[in-house]
Amino acid sequence: MPVPGAVYLMDRAYVDFEALYRMDTAGAFFVSRAKSNMDYSVVEQNFNIDPASGLRTDRTVTLNGHRSKKLYPGPLRLVEYHDREGDVDLIFLTNNMEVSALEVAKLYRNRWQIETFFKWIKQNLAIKKLWGHSENAVNIHIWVAICTYLVVAHVKHSLKSELSIYEIIQILGISAMDKTPLKELLTEPKSNQNVNEQMNLFSD
């Protein structure tokens, strides 16, 4: 169920008017990319926009298609924005009529930061299997992995180790029962060589 007051940011591949209307009736907000072939009528247009900000248009619209209008009978908002970095025009679809048009564009831009964060998680935390599949279990697993990464990053910085964080995690993983001091384990060339040999033994 959509959370009242929450803002959902989605790519246009996820545009589902029935699902979007459920969000609207639940008191949640959404910002999505509008499909290029969307059939609509303009109800109202806001001319008080600053083109220098990248904004092109800010319109309130209603859907025209019989099925689309049945699935989403309420008004929608279309905000057109020119992204200077990508030199591309983007059209955003939202049910939020209160925030400024520029804020709508900025909200969608935050989606890319979220995707970058999850990409970082997949590349750096190497979560191969979740302990559980409830929201709480997933949150705990991800936060434990992030905290572990940060602790290792702090150790690397404190010891001024030339090893990568990934290498340090691998070394610690196979040295859990080793009594070698951490500083020696991560900074002494001889120790690193022995550990690298151990790593090769257990590698595929």
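Reader: Let's start in the middle of the chain: what is the place of Thr60?

Author: Thr60 sits in strand β4, residues 55-63. Helices and strands here are DSSP runs, numbered from the N terminus (H or I of at least four residues for a helix, E of at least two for a strand). Before going on, note that this is a predicted model, where local features need pLDDT of at least 70, side-chain atom pairs count only at pLDDT 80 or more, and totals for chains, interfaces and linings use all residues. Residues are numbered from 1 along each chain as its sequence is written, and side-chain values use heavy atoms, with hydrogens and water left out.

Reader: Is Thr60 buried or exposed?

Author: Look at the relative accessible area: under 20% means buried, over 50% exposed, and in between partly exposed, using a 1.4 Å probe and protein chains only. Thr60 has 18%, so it counts as buried.

Reader: And which residues is Thr60 in contact with?

Author: Contact means heavy atoms within 4.5 Å. Leaving aside neighbours within four places in sequence, Thr60 is in contact with Ser41, Val42, Val43, Glu44, Pro75, Leu76, Arg77 and Met97.

Reader: How do I read the whole fold, and how many helices and strands does the protein have?

Author: Count the elements, then walk along the chain. There are 7 helices and 6 strands, and in sequence order they run β-α-β-β-β-α-β-β-α-α-α-α-α.

Reader: What radius of gyration does the protein have?

Author: The radius of gyration is taken over C-alpha atoms, and the globule rule is 2.2 Å times the number of residues to the power 0.38. For a compact globule of 204 residues that gives a value near 17 Å, but this protein has 25 Å. Its C-alpha atoms fill a box of roughly 75 × 40 × 30 Å along the principal axes. Of the 204 residues, 32% count as buried.

Reader: Back to single residues: where does Phe30 lie?

Author: Phe30 lies in strand β2, and at 0% relative accessibility it counts as buried. Phe30 and Tyr8 are 22 residues apart in sequence, yet their C-alpha atoms are 4.5 Å apart in space. Tyr8 is also among the contacts of Phe30 beyond four places in sequence, which include Met10, Leu20, Met23, Tyr72, Leu76, Leu93 and Asn95.

Reader: Asn95 turned up there, so where is the place of Asn95?

Author: In the loop between β6 (88-94) and α3. Asn95 is buried too, at 7% relative accessibility. Not counting residues up to four places away, Asn95 touches Asp24, Ala28, Phe29, Phe30 and Tyr72. The C-alpha atoms of Asn95 and Tyr72 are separated by 11 Å, with their positions 23 residues apart along the chain.

Reader: What about Ala28, where is its place?

Author: Ala28 is in the loop between α1 (17-25) and β2 (29-33). With a relative accessible area of 1%, Ala28 is buried. Its contacts beyond four places in sequence include Pro2, Val3, Gly5, Tyr8, Met23 and Asn95. Ala6 is another one of those contacts, and the C-alpha atoms of Ala28 and Ala6 are separated by 5.1 Å although the two are 22 residues apart along the chain.

Reader: Now a loop with a twist: what phi does Lys160 have?

Author: Phi is a backbone angle, and the thing to look for is its sign. Lys160 has a positive phi of about 55 degrees although it is not a glycine. Lys160 is found in the loop between α4 and α5, and at 70% relative accessibility it counts as exposed.

Reader: How do I read a pocket, and what volume does the largest pocket have?

Author: Rolling a probe the size of a water molecule over the atoms shows where empty space is left. On a 1 Å grid over the protein atoms alone, a pocket is an open set of points where a 1.4 Å probe fits, with protein on both sides within 12 Å along at least five of seven lines, and lining residues have an atom within 4 Å of a point. A volume is the space filled by probe spheres set on the points, which are joined across faces, edges and corners. The largest pocket has about 440 Å³.

Reader: Which residues lie nearest its centre?

Author: Of the 17 lining residues, Asn124, Leu125, Ala126, Ile127 and Ile169 do. Helices α3 (101-124), α4 (135-159) and α5 (165-174) each supply at least two lining residues, with the largest share, 5 residues, coming from α4.
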